[in-house]
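Student: Please pick one part of this model and take a close look at it. Then follow its links outward, step by step.

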Amino acid sequence: MLLAHGIGGRQDLPIPFEAALIGAILALLVSFVALGALWTEPRLGGGVRRPLAALVQKTVSARAWPWFWRVAGLVAGAYFCVGLLFGPDRVENPTAGVFYVLFWVGLVPLSLLFGPVWPVLNPLRTLHLLACRGLGRDPETGMRPLPEGIGYWPAAGGLLAFVWLELVAPERATLPVIGAWLAVYVVFMLGGAVLFGSRWFDHADAFEVYSTLVGRLAPVARRPDGVVTWRNSLDGMAGLRPVSGLTVLVVVLLGSTMYDSLSNAPIWVRLVQESSVPAPVTGTVGLLTVIGLVLAAYRGATALAGRWGAAEPGTTAGELAHAVVPIAVGYVVAHYFTLLLLEGQRTLALLSDPLDTGANWLGTAGWTVQAIGTSPAGIAMLQVTVIIVGHVLGTVLAHDRALALFPRKTAVIGQIPLLVLMVVYTVVGLFLLFAG
């Protein structure tokens with residue numbers, strides 16, 4: 001029900017699929033040549049930031065501002081739990097739609113527009129903060145220090161666990177499965193916060209880290225002095241520095257989306273149906289294999305780039321991981337746009353009565369799903385466009401970082417393996433997306 005993520009297919013393109021693929025590759029090649037000729041010094045990561053209007057500054061600087069959103073997150077979390085714990089386990093229950101669609105998919109556009117929203121809304125962080133306030137403790141101080149070098153490894157593991165739940169787990173849209181997964185996740189998050197303090201969420205909460213990564217592409221940001229400013233979105237992403245586990249985190253995000261496309265392809269569906277191996281086992285192997293192939297391609301390309309570019313050994317993969325983020329975001333938008341648009345409306349209608357009693361608590365029970373002017377051809381073009389834009393932005397970010405990472409005389413030649421990687425990702429991604 002919830003996992004048919006698109007309504008467009010390769011047959012819906014107003015131009016031949018092969019022409020779209022050639023156009024995407026040409027866009028990457030032209031971008032590479034233009035950047036090599038015209039962009040000869042690192043430019044991203046700083047720049048002039050223009051403050052937003054004084055009224056906005058006053059509003060976001062008020063002490064009540066963060067608490068308004070913390071309370072909103074608590075209320076939304078509590079309302080979600082009503083359907084999860086007490087609602088009927090059938091299609092009329094909005095829990096699966098809220099979790100997989102409004103929350104998981106909806107985090108992307110919210111973070112792209114407003115920056116990292118989940119660290120403020122996260123009810124688990126707020127509960128921990130309130131408990132620490134009640135006990136008179138510093139929320140950042142736990143029973144022991146956060147281990148050095150922990151980086152994003154816990155978040156990468158959490159993200160892998162979630163995409164496995166979303167894409168592979170049997171009965172994954174049922175309340176017992178969602179509830180059991182969330183119960184383990186809550187214990188893991190709150191237990192870690194008690195042990196290591198609130199900084200645990202920064203490193204271990206997959207959804208916070210996910211929102212923070214995507215939020216680096218937002219056009220607004222808060223400076224260290226608290227002033228909210230407009231910014232070049234690429235400046236935000238270029239400011240992301242290498243952290244342990246970052247590479248695996250972004251590869252899991254990209255690889256899982258590619259696997260989702262593969263799992264909807266007829267050849268994979270037939271393989272699963274005709275195999276004597278249980279579907280969850282096949283799905284788990286397929287998910288890990290796709291992520292492993294994406295990681296191997298990235299590691300190989302960045303290692304070769306480091307050798308050709310004469311970079312310091314072992315630094316290239318981490319330094320260039322930020323360039324994968326807009327590519328992954330492009331695939332997420334392309335793949336889940338129709339899911340958010342159509343299933344999101346249906347979920348909002350059901351959300352008005354999570355107990356299925358005939359009530360209309362939010363006033364949305366009478367909503368009907370509207371296509372809002374979309375068409376299969378239009379969606380197919382959107383999918384191609386956002387994937388190409390994501391790869392071009394990734395090329396720009398990689399080029400700018402390479403100028404700082406490689407000596408001047410090897411900066412361009414060192415990027416050739418990265419260009420090949422971008423082309424491979426584009427070809428495979430477009431093929432999988434429109435294979436159905």
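Tutor: We need one definition first. A residue is buried when its relative accessible area is under 20%, exposed when that area is over 50%, and partly exposed in between (1.4 Å probe, protein chains only). The model is predicted: local features need pLDDT of at least 70, side-chain atom pairs count only at pLDDT 80 or more, and totals for chains, interfaces and linings use all residues. Residues are numbered from 1 along each chain as its sequence is written, and side-chain values use heavy atoms, with hydrogens and water left out.

The part to look at is helix H11, residues 206–215. Helices here are DSSP runs (H or I, at least four residues), numbered from the N terminus. H11 is largely enclosed by the rest of the structure, because 9 of its 10 residues are buried. From the start of the helix, these are Ala206, Phe207, Glu208, Val209, Tyr210 and Ser211; Leu213, Val214 and Gly215 complete the set.

Take the N-terminal end. Asp205 caps H11 there. One of the side-chain oxygens of Asp205 lies 3.0 Å from the backbone nitrogen of Phe207. That is a polar contact: a pair of N or O atoms within 3.5 Å, where within protein one must be able to donate a hydrogen and the other to accept it, and residues adjacent in sequence count only if both atoms are side-chain atoms.

Phe207 also has a place in the largest nonpolar core, which has 116 residues. Such a core is a set of buried Ala, Val, Leu, Ile, Met, Phe, Trp, Tyr and Cys residues joined through side-chain atoms within 4.5 Å. Phe207, Phe99 and Leu254 touch the most other members. In soluble globular proteins, nonpolar side chains tend to be buried together. For Leu254, the contacts (heavy atoms within 4.5 Å) beyond four places in sequence are with Val294, Val324, Ile327, Ala328, Tyr331 and Tyr425.

Next comes Ser211, also in H11. Ser211 counts as buried because its relative accessibility is 0%. Its side chain reaches the backbone nitrogen of Val117 at 3.2 Å. Residues up to four places away in sequence aside, Ser211 touches Leu107, Ser111, Gly115, Pro116, Val117, Trp118 and Pro119.

Now the charged member of the helix. Glu208 forms a salt bridge with Arg125, and the closest N and O atoms are 2.7 Å apart. A salt bridge is a side-chain nitrogen of Lys or Arg within 4 Å of a carboxyl oxygen of Asp or Glu. This one links distant parts of the chain: Glu208 in H11 and Arg125 in helix H7 (residues 123–135) are 83 residues apart. Both Glu208 and Arg125 are buried.

The structure holds 9 salt bridges. Another one joins the side chains of Arg401 and Glu319, at 3.0 Å from N to O. Arg401 belongs to helix H18 (residues 376–405) and Glu319 to helix H16 (residues 316–319), so this pair ties together parts 82 residues apart in sequence. Arg401 and Glu319 are both buried.

A further bridge stays within one helix. Glu343 and Arg346 meet at 2.8 Å, N to O. Both lie in helix H17 (residues 324–351), 3 residues apart, about one turn of the helix. Glu343 is buried, with a relative accessible area of 13%. Arg346 is partly exposed, with a relative accessible area of 25%. Elsewhere, Arg90, Glu92 and Asp356 are joined into one network by salt bridges that share partners.

Asp356 leads to the backbone. Its place is in the loop between H17 and H18. Its phi is near 55°, a positive value in a residue other than glycine. Most residues other than glycine have a negative phi. Asp356 counts as partly exposed, at 31% relative accessibility. Ala310 also has a positive phi, near 60°. Ala310 sits in the loop between H15 and H16. At 46% relative accessibility, Ala310 counts as partly exposed.

One exposed site for contrast. Lys58 is in helix H2 (residues 54–61). Lys58 is exposed, with a relative accessible area of 66%. Its C-alpha atom is separated by 9.5 Å from that of Val227, 169 residues apart along the chain.

Key: Helices (H or I, at least four residues) and strands (E, at least two) are DSSP runs, numbered from the N terminus.
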